[in-house]
Amino acid sequence: MYATPTLATRFARNTHVIRSGRPLAEEEMRVAAPSIFAPSKHASRSERYTYIPTIEVLRGLKKEGFEPFMVAQSKSRIEGKTEYTKHLIRMRHAGQVSTKPEANEIILINSHDGASCYQMLAGMFRFVCCNGLVCGTVSNDIRIPHKGNIQGEVIEGAFRVLDDFEAIEESAEGMKALTLQPEEERAFATAALALRYGERTEGQAPAPITVEQLVEARRSEDQGSSLWGTFQRVQENTLRGGQPGRSAQGRRMQTRQIASIDRGVSLNRALWMLAEEMRKLKS
């Protein structure tokens, strides 16, 4: 049975998101990400900017078998700009449906205010924790400027990302087959902690949480010492937040979920690249 779409208005301070276990209808996407349906380009864009609303591109992708399962949109503090801001759509292709615990996804990012060209990345959705990964250097990072035949180029880019999934799955299977020693788990989490909170120099307050907290399992399915399992735990704890910690002033706090689309994508990719490098070293 498909899950009911969920809207998390507190996904971040300036971001709305909706995800479902079935393809999202346009009416559902409009609730969380109205900028997908922007009626025009932002007034700051020049005449050279080719305006095609993202929804038209999604309709073209739908005809090719791509369906949206998650959308998110940033807000803007500038009055009248929110309906043009950056948005993210995670899609799956009909040919990628499987019974595996993960689903391959194509990530499409765009805006109509000049903050982003059309960007396409490979991703993976893990059902047990409802967590969306972004695959690092294993996949192409496709960028399409707002000019020319945008819809055709985006569709072509989507199929190019599809072609990368074989290499991505091979990388993931390699991670699942490798066992990390406790000191290797700690090294992985230490690097991830620096990616999230920055490297700490002498005299600086420590990060809000510890390396041990980053590798904690939130559910029984995540226990184990494989590289893949360690990566999943660290990724979720890093991006989702919600762990008890201490502020720089020593006050009790809970870590926050990553707030922005850009930061979420970049940190997600960096963690995948870290796991991929660990896989290469261990292999």
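A residue is called partly exposed when its relative accessible area lies between the buried range, under 20%, and the exposed range, over 50%. The exercises below concern a predicted model.

**Exercise 1.** Determine which salt bridge glutamate 212 takes part in, and classify the accessibility of both partners.

*Solution.* Begin with the contact itself: the side chain of glutamate 212 meets that of arginine 186 in a salt bridge, at 2.2 Å from N to O. Next, place the partners along the chain, where arginine 186 belongs to helix H4 (residues 182–197) and glutamate 212 to helix H5 (residues 211–214), so that the pair, 26 residues apart, links distant parts of the chain. Finally, compare with the cut-offs: glutamate 212 has a relative accessible area of 43% and is therefore partly exposed, and arginine 186, at 42%, counts as partly exposed too.

**Exercise 2.** Find the salt-bridge partner of arginine 279 and state how the two residues are placed in their helix.

*Solution.* The partner is glutamate 276, with 2.7 Å from N to O. Both residues lie in helix H7 (residues 261–282), and because they are three residues apart, about one helical turn separates them. As for accessibility, glutamate 276 has a value of 6% and so counts as buried.

**Exercise 3.** Is the aspartate that pairs with arginine 219 buried or exposed?

*Solution.* Arginine 219 forms a salt bridge with aspartate 222, their closest N and O atoms being 2.5 Å apart. Since aspartate 222 has a relative accessibility of 3%, it counts as buried.

**Exercise 4.** State how many salt bridges the structure holds, and name the residues linked in a network.

*Solution.* The count is 20 salt bridges. The network links Arg19, Arg90, Arg92 and Glu105.

Notes:
Residues are numbered from 1 along each chain as its sequence is written. This is a predicted model: local features need pLDDT of at least 70, side-chain atom pairs count only at pLDDT 80 or more; totals for chains, interfaces and linings use all residues. Side-chain values use heavy atoms; hydrogens and water are left out. A salt bridge is a side-chain nitrogen of Lys or Arg within 4 Å of a carboxyl oxygen of Asp or Glu. Helices (H or I, at least four residues) and strands (E, at least two) are DSSP runs, numbered from the N terminus. Buried means under 20% relative accessible area, exposed over 50%, partly exposed in between (1.4 Å probe, protein chains only).
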